[in-house]
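Okay, thanks everyone, I'll keep this short. Let me put the chain up and then we can walk through it together.

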Amino acid sequence: MTDLPTASILRAIPFAHAVLRNHLAPGDQTLDATAGNGHDSLFLATLTSPGGTVFAFDIQPAAITSTRTLLHQHGVPPESVHLFCASHDTFPS
């Protein structure tokens with residue numbers, strides 16, 4: 001398997017954000033399957049508020065803590081993002 005150049009990955013992120021901006025609206029529900037450092041959860045919360053919900057999962061407790069801190073720093077209401085220290089495969093279908 002060939003590794004993708006970093007520049008290609010960096011161009012993929014703005015593209016993905018543009019797609020999401022065109023498809024998500026206030027009041028929508030969305031899923032962040034790997035919360036990580038919280039930046040994607042924050043991005044999704046800004047697109048779906050007010051009235052929307054982000055369900056963010058990560059198996060690492062530190063990732064959930066980091067995400068919670070970032071959301072709080074940006075004034076995201078706690079009820080807008082539900083954080084789960086679990087694998088996203090536990091999310092009901």
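**A look at the largest pocket**

So, by class, what lines the largest pocket is six nonpolar residues, one polar and one charged. Before I go on, keep in mind that this is a predicted model.

Who are those residues? Reading along the chain, the lining consists of Arg68, Leu71, His72, Val76, Pro77, Pro78, Val81 and Leu83. Two elements give two or more residues each to that lining: helix 3, which runs 61-73, and strand 3, which runs 81-85. Helix 3 has the largest share, with three residues. As for the space inside, we're talking about 150 Å³.

Let me pick out one of the lining residues, His72. His72 sits in helix 3. Buried or exposed, then? Histidine 72 has a relative accessible area of 65%, and the cut-off for exposed is over 50%, so this residue counts as exposed. If you want a partner to look at from there, try leucine 42: the C-alpha atoms of histidine 72 and leucine 42 are 9.8 Å apart, while in sequence the two are separated by 30 residues.

Now hop over to serine 80, in the loop that links helix 3 to strand 3. Here the accessibility goes the other way: serine 80 comes out at a relative accessible area of 12%, and buried means under 20%, so we call serine 80 buried. And what does serine 80 touch, once we leave out residues up to four places away in sequence? The answer is a run of Gly52, Thr53 and Val54.

Okay, zooming out to the whole chain. We have three helices and three strands, and going from the N terminus they come in the order α-β-α-β-α-β. The chain has 93 residues, and 30% of them are buried. On contacts, take the pairs at least 6 apart in sequence: 60% of those contacts join residues at least 24 apart. The serine 80 contacts we just went through, with Gly52, Thr53 and Val54, are a nice place to start if you're browsing the model.

Last bit, the surface. The accessible surface of the chain is about 6,200 Å², and carbon and sulfur atoms account for 61% of that.

So, to recap the pocket: about 150 Å³ of space, with helix 3 giving three residues to the lining. That's me done, happy to rotate the model for anyone.

Note on methods. Residues numbered from 1 in each chain as written. Predicted model: local features only at pLDDT ≥ 70, side-chain atom pairs only at ≥ 80, totals over all residues. Heavy atoms only, no water. 1 Å grid on protein atoms, 1.4 Å probe; cavity = no way out; pocket = protein on both sides within 12 Å on 5 of 7 lines; lining within 4 Å. Points joined across faces, edges and corners; volume = space filled by probe spheres on them. Helix = DSSP H or I, 4+ residues; strand = E, 2+ residues; numbered from the N terminus. Nonpolar A, V, L, I, M, F, W, Y, C, P; charged D, E, K, R; others polar. Buried < 20%, exposed > 50% of the residue type's maximum accessible area, 1.4 Å probe, protein only. Contact = heavy atoms within 4.5 Å. Areas by Shrake-Rupley, 256 points an atom, 1.4 Å probe, with all protein chains shown as cover.
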